Amino acid sequence: MIYPDAVLGPHRELAERLLAAGDAAAATDVITAMIEEWGESIAGLDDWIAEVNQDAFQDAALDLGVLLVEALLSQNFSPEQRAQWLARVEDWGKGLINLDIVETALNQWWDYPPLVSAMQGNITEQGPGKAKRPVLLTN
């Protein structure tokens with residue numbers, strides 16, 4: 001069994017420290033390098049090894065994806081830059097690394113209408129931005 005955390009852990013910790021220090025761009029560089037190197041490493045595995053380790057790979061991809069989402073959403077990207085990132089993430093997804101969470105974040109970003117509505121406090125029983133007046137919750 002392959003343990004991705006043993007290999008990725010120290011680099012993930014570095015990315016987390018960079019994010020905590022407010023350097024999302026540097027954290028993105030570290031996470032990107034992790035994903036690319038890890039992707040190349042697991043792409044060359046025999047099929048049976050990949051199958052046996054599929055759950056570990058999925059867990060590691062989710063952890064990396066969440067970290068990358070935090071780093072990307074901490075930066076101001078234009079729609080064109082987001083599209084470039086989306087293409088890059090989709091390329092990574094052609095291998096054993098599934099980064100659906102990153103694709104979702106890039107597609108919806110901070111300007112996703114239901115999210116914008118919720119951040120403005122427009123949350124009702126129907127969901128964010130679905131009704132004109134707020135619903136008062138009572139016991």
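How many aromatic pairs does a search of the whole structure find? The search finds 2 aromatic pairs, and they are taken up below after a look at the overall fold. The structure is a predicted model, in which local features need pLDDT of at least 70 and side-chain atom pairs count only at pLDDT 80 or more, while totals for chains, interfaces and linings use all residues. Residues are numbered from 1 along each chain as its sequence is written, and side-chain values use heavy atoms, with hydrogens and water left out.

The protein contains 7 helices and 2 strands, where helices (H or I, at least four residues) and strands (E, at least two) are DSSP runs numbered from the N terminus. Along the sequence, these elements follow the pattern α-α-α-α-α-α-α-β-β. Of the 139 residues, 34% are buried; here buried means under 20% relative accessible area, exposed means over 50%, and partly exposed lies in between (1.4 Å probe, protein chains only). The accessible surface comes to about 9,000 Å², and carbon and sulfur atoms account for 52% of this surface. Such areas come from the Shrake-Rupley method with a 1.4 Å probe, and for residues only the protein chains shown count as cover. Contact means heavy atoms within 4.5 Å. Among contacts between residues at least 6 apart in sequence, 63% join residues at least 24 apart.

Returning to the aromatic rings, Phe 77, Trp 85 and Trp 92 form one aromatic cluster. Rings of Phe, Tyr and Trp (its six-membered ring) pair if their centres lie within 6.5 Å, and planes under 30 degrees apart count as stacked, over 60 as edge-to-face and the rest as tilted. The search that gave 2 aromatic pairs includes Phe 77 with Trp 85, whose ring centres are 6.5 Å apart and whose planes meet at 45°, so this pair is tilted. Trp 85 also pairs with Trp 92, edge-to-face, at 6.4 Å centre to centre and 65° between the planes. Phe 77 is buried at 17% relative accessible area, as is Trp 85 at 12%, and Trp 92 is likewise buried at 12%.

Helix packing comes next. Helix 4 (residues 54–73) packs against helix 6 (residues 100–108) at an angle of about 20°, the axes being 8 Å apart. Axes are lines fitted to C-alpha atoms, for helices over the stretch in contact, and angles run from 0 to 180 degrees between N-to-C directions. The two helices are therefore roughly parallel to each other, a term for angles under 35 degrees (over 145 is roughly antiparallel, 65 to 115 roughly perpendicular and the rest oblique). Helix 4 contributes Leu 62, Gly 65, Val 66, Leu 68, Val 69 and Leu 72 to the contact, and helix 6 contributes Ile 101, Val 102, Ala 105 and Leu 106.

Helix 1 (residues 4–20) holds Leu 19, which is buried at 13% relative accessibility. Beyond its neighbours within four places in sequence, Leu 19 touches Ala 24, Ala 27, Leu 67, Glu 70 and Ala 71. Leu 19 also lies 8.5 Å from Ser 74, C-alpha to C-alpha, although 55 residues separate them in sequence. Glu 13, also placed in helix 1, is partly exposed at 45% relative accessible area.
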